[in-house]
Amino acid sequence: MAATTIEGINFNLTEEHLAVQAAARDFAQNELLPTAIERDTHSVFPYEQIKKMGELGFMGMMVSPEYGGGGMDTMSYVLAMEEISKVDASASVAMSVNNSLVCWGLEEFGTDEQKQKYLKPLASGEIIGAFCLSEPEAGSDATSQKTTAEDKGDYYLVNGTKNWITNGGTSSVCLVIAQTHPELKHKGINALIIEKGTEGFVVGKKEDKMGIRSSDTHSLMFSDVKVPKENRIGADGFGFKFAMTTLNGGRIGIAAQALGIAAGAYELAVKYSKERKSFGKAISEHQAIQFKLAEMATKIEAARLLVYKAARQKDEGKDYVESAAMAKLFASDVAMWATTEAVQIHGGYGYVKEFHVERLMRDAKITQIYEGTSEIQKLVIAREILK
């Protein structure tokens with residue numbers, strides 16, 4: 001790739017970056033693609049594939065080797081996310097949550113004891129984690145936590161329900177955001193590490209979703225769950241800041257996912273347009289199709305540059321809140337639009353499962369919703385530019 005610079009940020013990929021990208025592409029094509037349609041149809045979680053992703057180092061890419069991770073940069077992570085997402089967004093969202101939210105949050109803010117006990121197996125892919133913020137009445141308004149963590153001295157007593165939890169049924173470790181001091185509002189919220197199997201912790205039914213159907217999405221219920229104080233992340237009342245800071249990085253992962261979904265649909269559309277004939281020639285020779293492909297390619301490249309910019313800023317220790325929100329906002333819109341265009345190019349074949357693009361179109365929609373809706377991204381961007 002040729003060198004590209006925006007505001008002093010160089011996007012030239014190193015040999016290591018290219019190797020990671022190639023490894024992710026090979027895994028996606030060889031391990032995920034053959035069963036993607038079947039798993040989507042029957043909502044089957046990719047257990048074996050996720051296990052292999054852990055063995056290859058994709059589940060703890062940015063974690064320090066000291067804690068069993070790959071010690072890679074954010075750019076490596078987004079390159080891998082894009083390639084995995086081109087084929088299977090259900091697998092990539094499990095990867096994204098484990099990397100961006102769970103592992104990063106623990107390494108950045110956890111104690112050494114927490115890192116040794118939980119981060120090591122999470123980073124190696126031995127277990128996977130879940131990030132539990134959303135509730136029936138607290139989605140975009142994350143300050144309105146109804147899940148409570150009552151301070152009982154040396155432990156917290158947790159009660160409440162979490163909704164739309166990715167990896168909810170398969171995770172061994174959950175990072176749960178709960179309210180301890182209601183009178184302090186968002187400054188009274190805590191982040192707690194809760195292990196699956198703890199008494200009073202119940203996993204609800206798996207959600208029957210429009211897209212990312214083979215990902216593991218559940219409601220989680222907590223009824224008088226005892227959580228030891230040593231499982232609190234950060235100081236008392238740090239939970240809301242922990243969640244918002246962690247989500248800033250998570251947006252980069254979902255932006256990369258959206259980019260991958262768009263790019264995957266585009267690649268399928270280009271391939272099909274060269275094979276499908278109408279009026280005596282390949283449809284790629286018709287200007288109407290050429291214009292669609294040209295616009296897809298342009299918007300996807302623009303999304304890619306926004307994702308790369310956010311990743312570079314994070315790697316360089318710069319403030320990436322605005323760039324991450326911009327990347328997620330734009331890339332998710334491109335994903336929804338590009339997948340719709342890919343279905344249109346495929347015509348009737350685009351409406352059936354065999355050609356994959358209908359699945360990518362269904363998968364694309366969630367990128368405009370989770371880890372901060374598009375409307376929330378606009379609020380974040382507006383606040384940043386008006387500072």
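Start by selecting Phe-238 and Phe-242: both are buried (under 20% relative accessible area with a 1.4 Å probe and protein chains only; over 50% is exposed, in between partly exposed). You are looking at a predicted model, where local features need pLDDT of at least 70 and side-chain atom pairs count only at pLDDT 80 or more, while totals for chains, interfaces and linings use all residues. Residues are numbered from 1 along each chain as its sequence is written, and side-chain values use heavy atoms, leaving out hydrogens and water.

**Aromatic rings**

Stay with those two rings for a moment. The whole structure holds 11 aromatic pairs (Phe, Tyr or six-membered Trp rings with centres within 6.5 Å; planes under 30 degrees apart are stacked, over 60 edge-to-face, the rest tilted). Phe-238 and Phe-242 make a tilted pair, because their ring centres are 6.4 Å apart and their planes meet at 55 degrees.

Now move to Tyr-272 and Phe-355, an edge-to-face pair with 5.9 Å between centres and 90 degrees between planes. Tyr-272 sits in helix H6 and Phe-355 in the loop between helix H8 (321-346) and H9, so this pair ties together parts 83 residues apart in sequence (helices, H or I, have at least four residues and strands, E, at least two, as DSSP runs numbered from the N terminus). How accessible is each partner? Tyr-272 is buried at 8% relative accessible area, whereas Phe-355 is partly exposed at 23%.

Return to Phe-238 and Phe-242 and add Trp-104, Phe-109 and Phe-131 to the selection: these five residues form one aromatic cluster.

Next, show two lysines with their tyrosines. Lys-226 places its charged end over the ring of Tyr-155, 5.2 Å from the ring centre (Lys NZ or Arg CZ within 6 Å of the centre and within 35 degrees of the ring normal). Likewise, the charged end of Lys-229 sits over the ring of Tyr-156, 5.2 Å from its centre.

**Pockets**

Switch on a surface and go to the largest pocket, with a volume of about 1,100 Å³ (open points on a 1 Å grid over the protein atoms alone where a 1.4 Å probe fits, with protein on both sides within 12 Å along at least five of seven lines). Its volume is the space filled by probe spheres set on the points, which are joined across faces, edges and corners. To find the middle, select Ser-134, Ile-369, Tyr-370, Glu-371 and Gly-372, which lie nearest the centre among the 41 lining residues (an atom within 4 Å of a point).

Which elements contribute at least two residues each to this lining? Colour helix H4 (89-109), strand E5 (155-166), helix H6 (239-275), helix H9 (357-366) and helix H10 (374-385) to see them. By class, the lining has 20 nonpolar, 11 polar and 10 charged residues (Asp, Glu, Lys and Arg are charged; Ala, Val, Leu, Ile, Met, Phe, Trp, Tyr, Cys and Pro nonpolar; the others, including Gly, polar).

The second largest pocket has a volume of about 150 Å³. Select Phe-45, Tyr-47, Ile-50, Lys-51, Gly-125, Glu-126, Ile-127, Ile-128 and Thr-170 to display its lining, which comprises five nonpolar, two polar and two charged residues.

**Helices and their ends**

Pick H8 in the cartoon view. Its 26 residues reach 37 Å from first C-alpha to last, close to the expected 38 Å (1.5 Å times one less than the number of residues). Of these 26 residues, 19 are buried, so H8 is largely enclosed by the rest of the structure. Just after H8, stop at Gly-347, which takes a positive phi of about 65 degrees.

Helix H7 (residues 287-315) comes next on the tour: its 29 residues should span 42 Å, which agrees with the 42 Å between its end C-alpha atoms. Gly-317 follows H7, with a positive phi near 75 degrees.

For helix H3 (residues 74-87), 14 residues should span 20 Å, and the end C-alpha atoms are 21 Å apart, which agrees. H3 is mostly covered, with 14 of its 14 residues buried.

**Last stops**

Two residues have a positive phi although neither is a glycine. Ser-43, at about 55 degrees, lies in the loop between helix H1 (15-42) and helix H2 (47-55). Phe-279, at about 50 degrees, sits in the loop between strand E10 (277-278) and strand E11 (281-282). Is Phe-279 buried or exposed? At 82% relative accessibility, Phe-279 is exposed.

Finish at Ala-94 in helix H4, buried with a relative accessible area of 1%. Draw a distance from its C-alpha to that of Gly-129: the two atoms are separated by 8.7 Å, with the residues 35 apart along the chain.
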